[in-house]
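Work through the following exercises with the coordinates open beside the text. Each task is followed by a solution that proceeds step by step.

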Amino acid sequence: MNSESISITQPVFFVPHGAGPCFFMDWQPTDTWEKMAEFLQSISSRLPQQPKAIMIISAHWQTPVFSITAAKQPELIYDYSRFPKHTYELTYPALGAPVLAEQISELLTNAGLDNEQDAIRGFDHGVFIPLKMMFPNADIPVVQLSLRRDLDPKAHLMAGKTLASLREEGVLIIGSGMSFHNMRGYGDANFTVPSEKFDEWLTEAVEADPSERFTALSDWSQAPHALDAHPLGAEEHLLPVMVAVGAAGNDQGKRVYSQHVLKTQLSAFQFG
């Protein structure tokens, strides 16, 4: 990622990626995903300059050790089901970044975090769906980092911390998940208050002093209604928050989007 041009340190985001290809299909009510879509479309205007590359962590790729996409032209993985035919014809022809993938691998290795590069893996919908909203021209190279299958929050916080220096080289780091993700809870009013309580805790943790938020998020399962929001063993949509927080370093976190969707509270966060 070395370049003769001057790079400005990029912020870090945790964003909700919605339900499957929800932004590209009809939904009832029709405005269900409208505000989330508008937020995602606003991301580029929040940046100091166009990123030189994007590293994105999606909830939908879990591997035994941290894995990094290393293909030059990754294909798309339509890992959703029972959606309209046209949603399986969506495109996002962003290039990969093998050199960045190698750099990520080296940083993780030097920090004692086992990892591997995957030259075959494509981009799942937790990557290409939100990126189509954020950067529709697909003109920024993209590398995807997997979650580690054990979903250890401390390991993911450490991975983010290890990769934070990429921001200074113009790499935008994005965690893509959902701040509430319990499939039984969507559309159920019984989960509205629990989702709000957990969202309140998560926001306080993210916006806390950087020295305190690492500890708070390491013990996320002890938070109010944590297991209503993310059933234990299925917290993959929360773990991208950990990588984002780790990559944030000493930058202050703030909630930059929040609303009720499907009777649950969903939020997004920015650092820097």
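## Exercise 1: Two long-range salt bridges

At 6% relative accessibility, arginine 167 counts as buried, where buried means under 20% relative accessible area, exposed over 50%, and partly exposed in between, with a 1.4 Å probe and protein chains only. The model is a predicted one, in which local features need pLDDT of at least 70 and side-chain atom pairs count only at pLDDT 80 or more, while totals for chains, interfaces and linings use all residues. Residues are numbered from 1 along each chain as its sequence is written, and side-chain values use heavy atoms, with hydrogens and water left out.

Task: find which side chain meets that of arginine 167 in a salt bridge, and state which parts of the chain the pair links.

Solution, step 1. The partner is aspartate 251, with an N to O distance of 2.6 Å; a salt bridge is a side-chain nitrogen of Lys or Arg within 4 Å of a carboxyl oxygen of Asp or Glu.

Step 2. The pair links distant parts of the chain, 84 residues apart: aspartate 251 is in the loop between helix H8 (239-248) and strand S7 (253-261), and arginine 167 is in the loop between helix H4 (153-163) and strand S6 (171-177). Helices (H or I, at least four residues) and strands (E, at least two) are DSSP runs, numbered from the N terminus.

Step 3. Aspartate 251 has a relative accessible area of 27% and is therefore partly exposed.

Step 4. A further salt bridge joins arginine 255 to aspartate 199, with the closest N and O atoms 2.8 Å apart. Because arginine 255 lies in strand S7 and aspartate 199 in helix H5 (residues 192-207), this pair ties together parts that are 56 residues apart in sequence. Arginine 255 is partly exposed at 37% relative accessibility, whereas aspartate 199 is buried at 3%.

## Exercise 2: A salt-bridge network

Task: determine how many salt bridges the structure holds, and which residues are linked in a network of them.

Solution, step 1. The structure holds 5 salt bridges.

Step 2. The network links Arg148, Asp150 and Asp152. Within this group, the side chains of arginine 148 and aspartate 150 meet at 2.8 Å, N to O.

Step 3. Arginine 148 counts as buried at 19% relative accessibility, while aspartate 150, at 46%, counts as partly exposed.

## Exercise 3: Aromatic rings and the nonpolar core

Task: describe the geometry of the aromatic pair formed by phenylalanine 180 and tyrosine 186, and identify which residues touch the most other members of the largest nonpolar core.

Solution, step 1. There are 12 aromatic pairs in the structure, counted when ring centres of Phe, Tyr and Trp (its six-membered ring) lie within 6.5 Å, with planes under 30 degrees apart taken as stacked, over 60 as edge-to-face and the rest as tilted. Phenylalanine 180 and tyrosine 186 form an edge-to-face pair, at 5.5 Å centre to centre and 70° between the planes, and both residues are buried.

Step 2. One aromatic cluster is formed by Tyr78, Tyr80, Phe83, Tyr88 and Phe128.

Step 3. Leu131 and Phe135 touch the most other members of the largest nonpolar core, which has 87 residues; such a core is a set of buried Ala, Val, Leu, Ile, Met, Phe, Trp, Tyr and Cys residues joined through side-chain atoms within 4.5 Å. The largest share of this core, 8 residues, comes from H8.
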